[in-house]
Structure formats: structure tokens, C-alpha cells
2 protein chains.
Amino acid sequence: MNSKQLFANIKNKKSFLCVGLDTDIQKIPKHLLDFEYPVFEFNKNIIDETSAYAVAYKPNLAFYETLGAAGWIALQMTVDYIKKNHPDIFIIADAKRGDIGNTSKMYAKAFLSDLNCDAVTVAPYMGEDSVTPFLSYDGKWVILLALTSNSGSDDFQMVTDSVSQKRIFELVLNKSLVWGNKENMMYVVGATKAEMLKEIRQIVPDHFLLIPGVGAQGGSLEEVAEFGMNSQCGLLVNNSRNIIYADATDKFAKVAGQKAAEMQHDMELLLKKYKII
Amino acid sequence: MNSKQLFANIKNKKSFLCVGLDTDIQKIPKHLLDFEYPVFEFNKNIIDETSAYAVAYKPNLAFYETLGAAGWIALQMTVDYIKKNHPDIFIIADAKRGDIGNTSKMYAKAFLSDLNCDAVTVAPYMGEDSVTPFLSYDGKWVILLALTSNSGSDDFQMVTDSVSQKRIFELVLNKSLVWGNKENMMYVVGATKAEMLKEIRQIVPDHFLLIPGVGAQGGSLEEVAEFGMNSQCGLLVNNSRNIIYADATDKFAKVAGQKAAEMQHDMELLLKKYKII
């Protein structure tokens, strides 16, 4: 999927919502455990009720890997289900991978080709040759960690380089601008650091940003839009727990749909406020 | 496994060799493709022939994930096979994970509990709360990326903090000393940066170091021992391609065993030279 198609979907659905599929088998309604693939069953129901309001889904790999081979099958079934029923929806493998070149190449194949996701999140610690192998699939994306939403982001991301006087997350943005472009690279910026979006937009005005941390982690959607939106929207705002675990009964999917609709409504107002639609 | 047991194994086998199981289904001998789990079959043969010379095995997750659920099964079979037949051997899931706390907790469960590996490699970019969830399993280890063996390690790891005048990899070492200790944390230091081991040993004199990059990537075993060895050896030197792909015929395992024996021999000389045994 290219950025034009993604923006068309945002305008069509009046939403820049990404629903995080952090599907924890311990937290899903008990009646789903009777199915052979409870995690897929949960996801399928969530997708059916939220897809009208979402432009992206983001399965979090940890929640699938903790189930071993069965988790990987549930993940593949989930991606296939979205691709078949909602081919316009962008799928992000939230995997935070990154390794030496020949290994990153394998991860890229696993997520972008075999599993057929549209994007994969990548950690930049190992530098250029750990990131570029993910950039060799047409129409596929790297979403590089820049400034994350957790407290530990202060430990290294906010350290200032003595030579350039830039912080590490700024160096990640600056250097990676040469590795990829706005058609194959996005950045993770936590909503808990919304005020930093102003500075980040100076460096990457045109790139899409994936924003976690609205909701459960305390970030504000209004601030994210105020400081982060560009003329093509340029934002995918993720919400996981507040949507998928909003209800734990057999009405879980309906309630998730309502929560997604509420977020879509808020997003529509912001898209109008900033004259994107 | 604790550091005392690991050191006992090193003295017993006169080796600090870690064999990297970067098992690429495209590279294994063709006759193995007749088996239901060719990757496991390859690993089993490699393990049978190299276990006398190795104190650790390191499956590289990318090579298993690219096979989907079948890859995860082959990985589980491999770990189970080592645990059953060689319970003294240390198993490292080379996964380079790291995410917000509740996600790192899931990865920790997947690798250290469910899969029952002894250690998992972790990327430090997201800071303290992305690393500490991996430290809550008794006798299990985090192996944190400090200074990696690839060219991209210069991009961020070698950047100098304007406040402390320390480089990022030094900050990773310094800060993480408070998160864990020498009984639950090791560090990745690439053999291609062997001369840096002298500085690194000033910061972490007692911790074990996992050293990739000897062999295919050009690092020198002698320099690694000269600059990195401590009184408990303190090193696990990994070799993947030079051992497991030394031969592509039906003699692949025997030849891998010979290559592992050669490395063990070199390591025995170094352990004697530095009076560890």
C-alpha cells in the first residue's frame, strides 16, 4: 500500500485509528476458549465490529509468540482474514525487530512477504544495515522506533550527542531519512510525548507517524493532532486495551465496536478542524 | 543456570564456544527436506556432532520465524532436544526483543518460560522498563546489546553523550548495571570491536559477554581472549556459519563437528594461556 492509498482510506473512513491486536489469551472472554484458535476467534469478532472505524490493525507479536506455534497460526489466520475481507486496511506487525543484515533480511521476509503484513516495526539500535533489509519490498513499510511512549524512553532516546547537539531520537530521524523515504518509512512517536511532535515534524514533515500511548498510557488525541497532523493527516493513532478489552462478556466485540466508533468520531472532528476533510 | 555452573561447564569442556543455529532451510543439505521438520533434523545432527565442544547453542529466531508455525515447532523441538540430551548446555534465544513493560513481559514468558531457553538477547533502545521484565525468572538471563559487530553499530552506539561524555554503549552498560547483576545479565559485544573490550571490562569486569563476529564477520578469537577474558573466563564466543555450513553434503554434521573441535582446541590453548584452566 502506498501513502496515497492510505490517505484515501483515512478520508473515506474519516478516521486515522489503528486497532492494536494485543490479544492476551488470559484476558479474552472464557467462552472463546472452546474454539480451536481462541485468539483468532477473538480477533475475527473484533475486526468484524471495528473495521468500519479503523484504517489499520496492529497485531503485537509478543502476544502470539507466547502461544508458540498455535500463536503463529492465529496470527497468520488474522492477517489472512483482514486481507481477504478488508483489503484496504493497513496491517502492522508490531515486532520491534532489528539485527545484522542477513538476519534482518530473514525477519523482513517473515513479516512482509510470508505473513504479508504491510509494515513492521523496527528498533534502530543496531543502525543502518539492520534497518535497510526491511526496505526492499515494494509497497511495504518500516516503522522505525524514534521516541517511544514508555518511561524508559528517557534512558537513551533523550541523550544528546556531544557533536551535533541532537538527541538520539533526532539522530534516528535524521540518519534514517537517507535510508528510506516517505513511501517506505514511518516513525513511532509516543502520544505521551505529544509536545515533542512539533520538533519531530520539523525533521519529518511528510512522513506518516504511528502514535501509541493514547488512552491506557495517558496520551491526548487532541494534542497529537494539534502537534502531529500534516496536510495528508500523516498519523496512525493506535489504541489497544481501551478498545479490545472494553468489555469481557459475550458482548465484547459490540462494545469494542462502540469504543472504536467513539474514537473515529473524535478523529473525524479533528480531521475537520485541521481541514483534512 | 547460574554463572558458577556455566563456568564449571567451560572448565569441563575446555571451551567457551557457542554454536549459532542460524538454520536456513535454503542452505541445508537437500536430503533433509524429506523429513517433516528439516530444520530440526539439521539441528539435531549438528548438536550430536558439536555438543562435546560447545557450552552454548544460540538459535537465531529470524530463521525460524520465516518458516511460520513450522519454524516455531522446529525451534521448540531443538530446545527440547538440547535440554533432554545435554542439560548442561546453555541455550540462548537470539531474538533481540524489547518493548513496553507489558509486552516485554510476554516476550520473557515466551522465551524463558514456555520455550525454556536460559537466556534471551534484548535490544536496549526503549530503556529500563523494556528490559527489566526479562529479569524476573530465576536462573535465567538477559543478554543486552551493548556494542554490536555490524557496521551500523557506529550510527547510534558510538555517539557520545554531551553530559557524561560517555558513548551510548557505555551508558547501556552503566545504566543496566543497576537493573540486573552478574547472575542475570550478560552483554553482546562484537568481536569486530575486540580492542573495545578493554574499555568494556573496566565497566563490567565480572559479567559474561556474548561475542558474535568471530569468523565470517572477521573478528579475532585471540584478541577477544586477550582483551575480554576474566578470571571466570567471562566469554561465550559464538560461531554460526563457519561451523554449521562448513560442508553442504551428507557429511555436513561430521564436518561441523570437526570445525567445532578446531575452535575448542584454540579455546583450550587460550584458557591455558590465561591460566583459567
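These legends accompany several close-up views of a predicted model with chains A and B.

**View 1. The barrel of chain A is closed by parallel strands.**
In chain A, 8 strands form a closed barrel in the order S1-S2-S3-S4-S5-S6-S7-S8, with parallel pairing. From one strand to the next, the twist averages 30°. Look for the place where strand S1 (residues 17-21) of chain A meets strand S8 (residues 235-239) of chain A: the two run parallel and are joined by 3 bridges. One residue to pick out here is A:Leu17, whose bridge partner in S8(A) is A:Val237. Helix H12 (residues 252-273) of chain A lies across S1 and S8 of chain A, and its direction is at about 150° to S1(A).

**View 2. Chain A meets chain B.**
Here 51 residues of chain A are in contact with 51 residues of chain B. On the chain A side, the elements that give two or more residues are helix H3 (61-65), helix H4 (68-85), strand S3 (90-97), helix H5 (101-114), helix H6 (128-131), helix H7 (153-156) and helix H8 (168-179). Which element provides the largest share of this side? That is H5(A), with 7 residues. By residue type, the side of chain A that touches chain B divides into 20 nonpolar, 19 polar and 12 charged residues.

**View 3. The two chains are related by a two-fold axis.**
A turn of 180° and a shift of 0.0 Å along the axis lay chain A on chain B with an RMSD of 0.0 Å. This is the relation of a two-fold axis. The copies meet through the same surface, because 100% of the interface residues of chain A are also interface residues in chain B.

**View 4. Helix H1 of chain B has a buried side and an exposed face.**
Within helix H1 (residues 3-13) of chain B, the residues B:Leu6, B:Ile10 and B:Lys13 are buried. They sit on the same side of H1(B), because they cover an arc of only 85° around the axis. Among the elements covering these buried residues is strand S3 (90-97) of chain B. Turned away from the buried side is a face that carries the exposed residues B:Lys4, B:Gln5 and B:Asn12. Just after H1(B) comes B:Lys14, which takes a positive phi of about 50°.

**View 5. Strand S1 of chain B is buried along its length.**
Since 5 of the 5 residues of S1(B) are buried, this strand is largely enclosed by the rest of the structure. How do its side chains divide, and which residues point which way? B:Leu17, B:Val19 and B:Leu21 point one way from S1(B), while B:Cys18 and B:Gly20 point the other way, and all are buried. In a regular strand, side chains alternate between the two faces of the sheet. S1(B) pairs in the parallel sense with S8(B) over 3 bridges, and with strand S2 (residues 56-59) of chain B over 4 bridges, also in the parallel sense. B:Cys18 is a handy residue to follow: its bridge partner in S8(B) is B:Asn238, and in S2(B) it is B:Ala56.

**View 6. Helices pack on the barrel sheet of chain B.**
The barrel of chain B has 8 strands in the order S1-S2-S3-S4-S5-S6-S7-S8, with parallel pairing. Direction ignored, its neighbouring strands are turned by 30° against each other on average. Strand S6 (residues 185-189) and strand S7 (residues 209-211) of chain B pair in the parallel sense over 2 bridges, and B:Val188 has B:Leu210 as its bridge partner in S7(B). Helix H10 (residues 221-228) of chain B packs on the sheet, touching S7 and strand S8 (235-239), and its direction makes about 165° with that of S8(B). Helix H12 (residues 252-273) of chain B also packs on the sheet; it touches strand S1 (17-21) and S8, and its direction makes about 150° with that of S1(B).

**View 7. Two loop residues of chain A have a positive phi.**
A:Gln165 is not a glycine, yet its phi is positive, at about 60°. This residue is found in the loop between H7 and H8 of chain A. Is A:Gln165 buried or exposed? With 9 C-beta neighbours inside 10 Å, A:Gln165 counts as exposed. A:Cys233 lies in the loop between helix H10 (221-228) and S8 of chain A, and its phi is near 75°, a positive value in a residue other than glycine. A:Cys233 is buried, with 25 other C-beta atoms within 10 Å.

Notes: Residues are numbered from 1 along each chain as its sequence is written. Chains are lettered from A and ligands numbered from 1 in the order in which they are written. This is a predicted model: local features need pLDDT of at least 70, side-chain atom pairs count only at pLDDT 80 or more; totals for chains, interfaces and linings use all residues. Two strands pair if DSSP finds at least two bridges between them. Axes are lines fitted to C-alpha atoms, for helices over the stretch in contact, and angles run from 0 to 180 degrees between N-to-C directions. Two residues are in contact if their C-beta atoms, placed from the backbone, lie within 7 Å. Ala, Val, Leu, Ile, Met, Phe, Trp, Tyr, Cys and Pro count as nonpolar, Asp, Glu, Lys and Arg as charged, and the others, Gly among them, as polar. Copies are superposed by least squares on the C-alpha atoms of residues with pLDDT of at least 70 in both. A residue is buried if 20 or more other C-beta atoms lie within 10 Å of its own, exposed if 12 or fewer, and partly exposed in between; C-beta atoms are placed from the backbone. The arc is that of the directions from the helix axis to the C-beta atoms.
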